[in-house]
Amino acid sequence: MRLSQMLFVTLREDPTEAEIPSHKLLLRAGYIRRIAAGVYAYLPLMWRVLQKVSQIVREEMNAAGAQECLLPQLQPADLWRESGRWDTYTKAEGIMFSLIDRQQREMGLGPTHEEVITAIARDMIRSYRQLPLNLYQIQTKFRDEIRPRFGLMRGREFIMKDAYSFDVDEATLKQTYDKMHTAYTNILKRCGLAFRAVDADSGAIGGSGSQEFMVLADAGEDEVLYTEDGKYSANVEKAVSLPPDAEPSSFTTYEKLETPGTETIAKLCQLLKCSPTVVLKNVLYQAVFDSGRVVLVLVSIRGDQDVNEVKLQNELTKLAPQYGGKTVLALTVPDADAQEKWATKPLPLGYIAPNLDDSYIKPPKPAPAGQVAANAVAPKFLRLVDKTAVDLTNFVTGSNESGYHVVGANWGQEFERPKLEVDVRKAVAGDRALHDPAQTLKTARGIEIGHIFQLGTKYSQALGATYTNEQGEEKPLVMGCYGVGVSRLAQAAVEQSYDKDGIVWTTAIAPYQAIVVIPDIAKADQVQAAEKLYAELNAAGIETLLDDRNERAGVKFKDADLIGIPYRIVTGRSLQQGKVEVVQRATRSSQEMALDAVIPTLKQWLSEPY
Ligand code: ATP
Ligand code: MG
């Protein structure tokens, strides 16, 4: 391609809309243009990158025995009602774009395709002889994200590869899952990315496991905890570890002390000269279930620990049936406005004890005759105790009176221990690892570019997708799902590889592998040599650009650096000796090379990892 004929516009200044380097660079180098929040046009250079990434993904999926298909983006609401996700996705979470067609039928734009694929499986899979089966597609997904940001990282329209597998049982699902793990590892290696596969949260449906593939970068939205022996890595949402040992409490008698201005654990410990490990902290949350029920949750946890809200949400989801629902729609720390809605009087914030009285909650308004009260607040606190607080003795905790704490308290004496014991503590860097307490957890930032997930029978059961096994029994299909954010991956590659002058693509996913630059198009010999090289390189299968614009050499070199093409070939002064200059973008190493050595040398270099 000739730059003179291309839609090629680069920007000198950083666009104000962009915060992270990869987003700035993709905009500046003319790869993408923003059309609306989270909606981008992929311009010709970007489209080539996306096709390269897609092709690598496709090859690895095919090698793992998956088959490519293309499913509809426009999906009927009824299908989503069968799985129970229509209302949650379109209303509660609001992640799904929905519309009404001219026949007044509700439709949605696919944020994911479990429903569609399971409906197909229900219709087409009859027997164990058809299994295992793994279908995938590479397609645009639509999600009305709350905070679209960072360009292609979190878009509202983005490209995803999604695969869905069907197996006879958990054991063969595990084999399929392992194949996907290998495929994902190969994809990332081929793209030249530094990454880590980490244990991931599977939500409350559990499944037998899920892992995320994280591209390591400071701008990553996720935190990864890992050990240096390589044996453990997990998303912080899921991570487990050993909490530090608790120190023995020096408060051997129970008493109430005046502790003014100690709303935080740090201030309290400073005043009482005690370790936070002898403090019992009581954290209040407000959960909204899909049944409309609002439940106030009081979590008692050791003072030096924090609550992991993802773990808490999973625990609450398990309890959802108790509140007439299936899932938790929102989990928040109730702010003043929220408290005002349900509290009968001001809460003793910072001084709450585990026995905070249920009379703080307003009794539900009686529902009109024959109706169930909507959004009713459960009349009692749901009290949970984290494992770190179960064995505390002589602890310090709130007194339910502002300005006072109690010390030397014990479960079974001054306080009744909540019956529900949970593990909701947040693991943090520096904690000891479970598999080897000599190892401490380290932290890194990651960009989640893929997620592989053993789903089990959640969707096949909901939609009635079954098969007949060898014994003639009807069984639900055992499913897995596997996603790669193709457009996110492409930007993550930039986030991991750039310098002050621009993008540094690896040869595997660069839009072009080489660029021939004519320093001065007024010089016939430069033009002639460049034209010849350009034609020969492309004929040799090396994807090459020709910068034949009427611009200064300096501008051309800057642009070549900015767009990040791996090899730059300059038909400059050394032509007199029958040579050109070849510069490697990543290292900036430059060498003069005889004209006829260019193609064999580049071929050699391109066959090696870059
Ligand atoms: P996240 O936690 O980042 O929102 P997710 O758990 O919603 O991701 P999945 O539903 O598992 O993601 O989707 C599979 C892959 O699609 C993700 O691993 C990610 O790479 C990509 N992806 C998800 N949401 C977006 C988005 N809004 N923009 C770009 N890529 C996305
Ligand atoms: Mg998401």
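A polar contact here is a pair of N or O atoms within 3.5 Å; within protein, one must be able to donate a hydrogen and the other to accept it, and residues adjacent in sequence count only if both atoms are side-chain atoms.

This is a predicted model, where local features need pLDDT of at least 70, side-chain atom pairs count only at pLDDT 80 or more, and totals for chains, interfaces and linings use all residues. Residues are numbered from 1 along each chain as its sequence is written, chains are lettered from A and ligands numbered from 1 in the order written, and side-chain values use heavy atoms, with hydrogens and water left out.

**Exercise 1.** Work out which backbone atoms pair with ligand 1.

*Solution.* Start with the ligand's nitrogen: a backbone N or O atom of Met153 sits 3.3 Å from one. Now go to oxygen: a polar backbone atom of Ile449 is 3.1 Å from a ligand 1 oxygen, and one of Gly485 is 3.3 Å from a ligand 1 oxygen.

**Exercise 2.** Describe the shell around ligand 1.

*Solution.* Count residues with a heavy atom within 4 Å of the ligand: there are 14, and Arg143, Glu145, Arg154, Gly155 and Glu448 come nearest. Next, sort them: five are nonpolar, four polar and five charged. Finally, look at the strands (DSSP E runs of at least two residues): β21 gives the largest share, four residues.

**Exercise 3.** Find what Met46 touches.

*Solution.* Take heavy atoms within 4.5 Å as contact. Skip neighbours within four places in sequence, and you're left with Leu26, Tyr31, Ile32, Leu152 and Ala490.

Conventions. Nonpolar A, V, L, I, M, F, W, Y, C, P; charged D, E, K, R; others polar.
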